[in-house]
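Dear colleague,

Please find below the structure for your review, together with its sequence. I should be grateful if you would read the notes that follow with the coordinates open.

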Amino acid sequence: MFLTLCGRGRCLPSKLLKSVKVTSCPGRTTLHVGRPLVTLNKSLLTTHISQCGKHRVKPKSQPLIQHICGFRTSQQHRAIYPLFWVLLKPALKILTVITSRVYRQWFKDLPRWKKMMYVLMYVTGVGLPLILVYHLYKSNQVTPITNRKQFVILTPEQVLQVSEFEAEQHMEQYKDSRLPATHPLYQPLLRVAKRLLIANQDLPILTELKWKLSIVEDSALNAFVLPTGHVFFTTAMLNLIENEDQLAVVFAHEMAHAVCSHAIETLSKSQFLDYCIIFFMTAIWTMIPSDGIAIITQYFMEKVMHYTFTLTFSRELEEEADVVGLEMAAKACYDVREGSVLWKRMMMVRDLTGAKGLEFTSTHPSNEHRVSTMEQLMPKVIDIRDKCDCPKLPDIDPRIRAKVIQKKVENVVIARKAGQNLALVPMVTSTGKIVQPQK
């Protein structure tokens, strides 16, 4: 298992590298990154390991911290494969339109009974095999923890090849805005990553991947993971997060995408959906006599499939990552109640900036939906945390603090809409900090 800090084309200096280590002493395990960080009872990893959820096993090894110069996961010529598939999709659609228009006049001149016969033959010969393929591949694997059946037609090697190309593109895109590996913001990320990895070694993919951390200087609230194990955080996201408990919920959420093979499933469904679109395009451009009507029909059809299948599926994966990530954070003894607080802070940022949108048109569930999901899961994940013999949660519930801040935000929003003097209203910054008015 590896953790790598990916800075702006720089290595970790030898001084810092020597301070990044894992040491152990009788009875306990201590994680060090330059200074003492987290102390965990050895019983959490050994004696009580069988109580930490049904999937827990005794860890085989400690995480290894490794540094690299720059970032390279593949040779440049291997990028031909993903580029080939990217170009093939529009080429197939163009070919479908051209061939369908050729047969349009032939189909138009057919008797009515022959038209019905050919439509039936087309649906039977092409449509039914697509349905059978979908049902055949939907049950070939299930996700860990949630045990949801997945539709996977691509191999992990194929997805990894595409993902390596995508990782290189991201590294090139962020080469000027990526923080160096010596930046202090990496330290909490490293602490949280190591603690999550130690507590969740029952999930094989976590120990197989070489995890890489990158922080990008960006004003967007964003964090994402690639199947290569490369995790990106923006500085805006890290500035919004108040503590390592909230950071652990976000980090575990990103790890959960890899644990559940969401990238493989997304690419598989995307490729299958392209086949379905081509199936409908052939029918549209053959049976509709006008090019203009065919274009409008195809556009409408693609939009319907995008909103009803693509976006809905994306929101389902995000919700599953919330569920799995929260359990992973609980097994690492973090205060999982902070997850609800974080998404309430996201709601506050949205209210303050006015950046609202419909959940139906989004790739992610709404903040309200995510808070509701986490609140429903809270008794379960707290029970998991207790079974892992974790320290008792603080008596003061952090969700109470969030309610106080939320009330201040509501006052600011109401005052702004009413046109009141905001100088007399306690202000709340985009990061949730309350600023009292000057007297």
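The notes below begin with the whole chain and then turn to one helix and one pair of strands.

Please bear in mind that this is a predicted model. The chain has 439 residues, of which 46% count as buried. Its secondary structure comprises 14 helices and 12 strands. If one takes the contacts between residues at least 6 apart in sequence, 72% of them join residues at least 24 apart. The exposed area of the chain is about 22800 Å², and 61% of this is supplied by carbon and sulfur atoms.

Helix α13 covers residues 367-387, 21 residues in total. From first C-alpha to last, α13 reaches 29 Å, which is close to the 30 Å expected at 1.5 Å a residue. The helix nevertheless bends by about 50° at methionine 378, and proline 379 follows within four residues. Methionine 378 is itself one of the buried residues of α13, a list that also includes Asn367, Arg370, Leu377 and Arg385. Just after the helix, aspartate 389 adopts a positive phi of about 60°.

The second region concerns strand β8, residues 210-216. Because 6 of its 7 residues are buried, β8 is largely enclosed by the rest of the structure. Strand β10, residues 230-234, runs parallel to β8, and 5 bridges join the two. Within this pairing, leucine 213 has valine 231 of β10 as its bridge partner.

With kind regards

Key
Residues are numbered from 1 along each chain as its sequence is written. This is a predicted model: local features need pLDDT of at least 70, side-chain atom pairs count only at pLDDT 80 or more; totals for chains, interfaces and linings use all residues. Side-chain values use heavy atoms; hydrogens and water are left out. Buried means under 20% relative accessible area, exposed over 50%, partly exposed in between (1.4 Å probe, protein chains only). Contact means heavy atoms within 4.5 Å. Accessible areas come from the Shrake-Rupley method with a 1.4 Å probe; for residues, only the protein chains shown count as cover. The expected span of a helix is 1.5 Å times one less than its number of residues. The bend at a residue is the angle between axes fitted to the seven residues ending there and the seven starting there. Two strands pair if DSSP finds at least two bridges between them.
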